[in-house]
Amino acid sequence: MEPTEPVRVRFAPSPTGMLHLGGLRTALFNYLLARKYGGSFILRIEDTDQKRLVPGATESIVRTLEWAGLQFDEGPGKGGPSASYLQSQRGDLYRTHANKLLEKGAAYRCFCDSKRLESLRAEATLHGRAPMYDRRCAHLSQQQIDNKLRAGEPHTIRLFAPNAADPAASDVSGFDDIVHGEMRFRGPAGFDDAVLLKSDGLPTYHLANVVDDHLMGITHVLRGEEWLMSTPKHRALFKAFGWPMPRYAHLPLLMNPDGSKLSKRNRDGPMQSYIDEGYLPSALVNYVALLGWHPGGQQEVYSLKELEDAFSLSGLSRSKSVVSRERLDWLNRQHLRTELNDPARAPAIAAQALVELRQTPELDTKDISREAVEQALRLCGDRLTLTRDLYGAVPYLFSDPDSKAPVVPAAAVNKVPRDSKASILVATLELLAAEAGAVAGNSCTSSAGPERWMDFSKNVAVAAKVPAKQVMPVLRHALTGQPSGPKLPDLMDYLSLATMQRRVQTALDSLKQ
């Protein structure tokens, strides 16, 4: 099942909308197969259906693949052996190849108008049959065809579908799918006489797809299982041209938790929604890889490089995968923690978080630096699912807490007598003043690090003459307004001396009221 030679694979979306989660999975599996076996990953834009094109969709698809780290080797804007990777610019190739099939007797011109074709469909439906073209035009003489062409009658070009009863057609109607195993289709190879070239001279998906797969040297076709029923048509075309056929792998559908099919219109469908919500590319790629691929073993968190090394066709599953935000959120937390400790990635993550902070109306961000945000993320990264959650999780890192806000009833600070609280706050102010006198400047961070504050609460306890266990909850509440949070030395290393002095004084004033 696994390739023994370098592969050439393609991701071939139609720009009729923005990329969705299923599309990213298809692109990813093709990319991983190419990287695992030293092959080429090609991006081809199948834009022959000009009526359904969405402006900007092609550019959006390219941006999304780049965002995910899936660099294609050939494609729009990058070039390659093919003259173009946009099907709309390859029309002459398709017309040339359609004419080759006419010359070989593998295709014929059809002059039937839409009214007659609709009549055939209606009659078939009335009698409970699958709609099939009756090959009326396949029996036209050459003179009749020439007369119609001279008269300028519009026409299509249709493929002669092989008869499934013909032993020679067995490799068309039956094939071995990498995911689904042996497939066998009934009827005339499982399909009608497919239209290859439309009356406007544009190719159908089937012709353009096959011609491009051959000319681009595609060895493996990994695509959604919605194309499974079209595979006999494509194999018939390969056979009609006399070309070798690629291997096929049809990926199962992605499902919503309620069992319905995931679509572009679902919240969990469009890729842009995940990008806008702030998911990390590494986490989303990791998540998508596990939707229909099982690496074996217990590992769940993968970098893109680890996925490249681990990927195998044998790991592809035929079972439909359910999209779960809970699993994605868990993976995003793991990747966020890892990348915050990566000097190459942490600045970019902090920059993204700063942009998100600036969208908080109640927060004045003009003095908040990217470096401060990066340190804040490290302080509480274990608790965050998304960087946009930063302010909601630790607002006290960016603004003073409300000293009049109600305290959680079970908080340890409530167990400290009022007089002891006052003594702790007074002692804290005295020790902070001494620290300010010993340290030049009030920077947000200190080169001494959290170690500078390791014994601070113990020193406060001695100065205030209270049990040490009373100091930490009082001091934490004064600095954050919260009963829990980062370790106190880490928190105090982040906050400036001036900020801590102001907050402790506010807490003391509030206590006296």
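Which residues does V7 touch, not counting residues up to four places away in sequence? I put this to the model, which is a predicted one, and I noted L33, A34, Y37, G39, S40, T219 and H220 as the residues that V7 touches under that restriction.

I then looked up where V7 lies, and I found this residue in the segment before β1, the strand that covers residues 8-11. Its relative accessible area is 2%, and because buried means under 20%, I entered V7 as buried. For one of the contacts, L33, I also wrote down the separation from V7, which is 26 residues in sequence and 7.6 Å in space, C-alpha to C-alpha.

Next I turned to the nonpolar cores. The largest has 53 residues, and those with the most contacts inside it are V373, L377, L390, L397, F398, L479 and M492. Helix α14, residues 370-380, gives the largest share of this core, namely six residues. A second core, separate from that one, has 50 residues, and I noted L19, L32, L313 and V323 as included in it. Going back to L397, I listed A376, L379, L491 and Y494 as the residues it touches, again not counting residues up to four places away in sequence.

My last entry concerns strand β4, residues 156-159, which is covered on both faces, with T156 and R158 buried on one side and I157 and L159 buried on the other. With strand β3, residues 107-110, β4 pairs in the antiparallel sense over four bridges, and T156 in β4 is the bridge partner of C110. With strand β7, residues 195-197, β4 pairs in the antiparallel sense over two bridges, and here I recorded V195 in β7 as the bridge partner of R158.

Definitions and conventions. Residues numbered from 1 in each chain as written. Predicted model: local features only at pLDDT ≥ 70, side-chain atom pairs only at ≥ 80, totals over all residues. Heavy atoms only, no water. Buried < 20%, exposed > 50% of the residue type's maximum accessible area, 1.4 Å probe, protein only. Contact = heavy atoms within 4.5 Å. Core = buried A, V, L, I, M, F, W, Y, C linked by side-chain atoms within 4.5 Å. Pairing = 2+ DSSP bridges.
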